[in-house]
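Could you walk me through this structure in the viewer, one selection at a time? I would like to know what to click on next and what I will find there.

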Amino acid sequence: MRHKQTQTEWENQMSVKALALIQSELYVDLRYLGAALSALVPKADASLSTFATDGFCLYFSSAQALRVFQNNPQFLTRAYLHSILHCIFSHLWLTGKRDPRLWNLACDIAVEYTIDHLEKPSTTRALSWLRCQTYQNLKEGQIPISAPSIYQSLLTQSEERTASLAREFYTDDHRYWYPKGKAVPMQQEAKKQWDKIARQASLQQAQQTGESEKGKQLFAAQIRAERSRRSYRDFLKKFAVLREEVHTNPDEFDLNFYTYGLKLYGNMPLVEPVETREVKKIQEFVIVIDTSESTSGSLVKNFLRETFEILHQREHFFTTCRIRILQCDDAVRSDQEITDLGEFERFLHQFTVIGGGGTNFCPAFTYVNQLIVQQAFQNLSGLLYFTDGQGTYPKKRPPYQTAFLFLQDYEESTVPPWAIRLRLQPEEFTSGNQRRHL
């Protein structure tokens, strides 16, 4: 007997067709987003009143989507692009320890600003007074158009102000941005996929003719800004080294030979299990703290505390380790050696900032190079330099991996090409009370 289609099934079918039309319309205006526009799998969710995404699917209420498509199709087109740009700009995976309410708002402002300034026929709309005022404040405050920078500004806003901004810029639902349990590893897979899509879109946009220079610069700057902001936890893993650690390796343990020995000799195995395996962990590295006048002492302490919490996890650190924590402004002011995590914790409790002069990065590198000559290190993983970025850099590349962890936006041209760079977000280490105004 032939199946009789229900209203729900009809709505699901028609809404998917409507989404296909939206994709086609956006593709005409934004050809460089071809891969992005087709990356999300449509999935009906009756509990929603707008779009939502987890990086894999685009969730929507079929009935609601059809109503909006009939009455205001341009809004649906903007909302679709809005969710796509969240994925391209990695907003779903940069939440960290931020206040979810303010982070959601910051991401919505960043995306809506981008859409409004792309000035495409399929997404153009009249701007409200509040929206124009917000964009003007961003410009006058020289606040970069990226979600983390806008988030910093929102931290000083009143509840009334943020509530009005949330009403103005709300477009899609972010409920799937905060996964738990088994969904977390899946989110990492989604992030890898969208990293590739973002790079592809950026390259294709740069090569495409007919795009305004303003639009190209805005889109490229957004992608660069979000890609440069990785979690400090993930970044620290770059300093892992491969070596053997005493640990039973189940992959190389042959139970047949083992039990045969017990059977043949009574209580003696024929072949013992392999008791070592190669693992990537942190063994030796140096942390240099810039203690010039421009560096906050409380932020330094919180940075060290966060570092300790990461290293406290056994999977990141060898049982036997050596850390040197240097304080340096225009000269090395202190040197503390840490050989175990318990000693690291005691050091944190009594830590005080020493220095306050100008910034010169060279003395710290000279000092570490001398330690290497003195064989103080056997396998130095690298050097982390926590700084505001304003100082004199060494001209010669050191014989170990080096990363500068910047507290604020820095001038790319001044940083040596051999240095790894990471723009830290203060909210990773503090609750953030002193922010710029939006």
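Start by selecting Val28, a residue of helix 1 (residues 7–29). Is Val28 buried or exposed? Val28 counts as exposed, because its relative accessibility is 55%, over the 50% cut-off. Now add Lys120 to the selection: Val28 and Lys120 lie 92 residues apart in sequence, yet their C-alpha atoms are 9.8 Å apart in space. Keep in mind as you go that this is a predicted model.

**The whole chain**

Zoom out and colour by secondary structure. You should find 15 helices and 10 strands in the protein. Of its 438 residues, 48% count as buried. If you turn on the surface, about 22,300 Å² is exposed, with carbon and sulfur atoms supplying 51% of that area. Among contacts that join residues at least 6 apart in sequence, 72% link residues at least 24 apart.

**A buried threonine**

Next, go to the loop between helix 4 (73–88) and helix 5, and pick Thr95 there. Why does Thr95 count as buried? Its relative accessibility is 13%, which is under the 20% cut-off, so Thr95 falls in the buried class. Show the neighbours too: leaving aside residues up to four places away in sequence, Thr95 touches Trp103 and Tyr178.

**The open sheet**

Now select strands 1, 2 and 3. These three strands form an open sheet in the order 1-3-2, with mixed pairing. Strand 1 and strand 2 are the edge strands, each pairing on one side only. As background, the strands of a sheet pair through backbone hydrogen bonds, either parallel or antiparallel.

Take the parallel side of this sheet before the other. Strand 1 (residues 41–44) runs parallel to strand 3, and four bridges join the two. To follow the pairing, click Val41, whose bridge partner in strand 3 is Cys57, and then Pro42, which is partnered by Leu58.

On the other side, strand 2 (residues 52–53) pairs with strand 3 in the antiparallel sense over two bridges. Here, Ala52 has Tyr59 as its bridge partner in strand 3. The hairpin made by strand 2 and strand 3 has three residues between the strands, and Gly55 takes a positive phi near 95° in this hairpin.

Stay on strand 3 (residues 57–60) and show its side chains. Which residues cover each face? Cys57 and Tyr59 sit on one side, Leu58 and Phe60 on the other, and all four are buried.

**Two nonpolar cores**

Next, select Leu33, Tyr80, Ile88, Trp194 and Phe219. They touch the most other members of the largest nonpolar core, which has 58 residues. Helix 5 (residues 100–118) gives the most to this core, contributing 11 residues. Then move to a second, separate core of 25 residues, whose members include Leu304, Phe351, Leu384 and Leu422.

**Colouring by confidence**

For the last stop, colour by pLDDT. The protein has a mean pLDDT of 80, with 76% of its residues reaching 70 or more. Among its elements, helix 8 (residues 159–169) has the highest mean, 95, and strand 4 (residues 241–246) the lowest, 44. Select residues 242–248, where pLDDT stays under 50; the model has 29 contacts for them beyond four places in sequence. Finish at residues 431–438, where the pLDDT is also below 50 and the model shows 30 contacts beyond near neighbours in sequence.

Notes: Residues are numbered from 1 along each chain as its sequence is written. Side-chain values use heavy atoms; hydrogens and water are left out. A nonpolar core is a set of buried Ala, Val, Leu, Ile, Met, Phe, Trp, Tyr and Cys residues joined through side-chain atoms within 4.5 Å. Buried means under 20% relative accessible area, exposed over 50%, partly exposed in between (1.4 Å probe, protein chains only). Two strands pair if DSSP finds at least two bridges between them. Contact means heavy atoms within 4.5 Å. Accessible areas come from the Shrake-Rupley method with a 1.4 Å probe; for residues, only the protein chains shown count as cover. pLDDT is the predictor's confidence in each residue, from 0 to 100.
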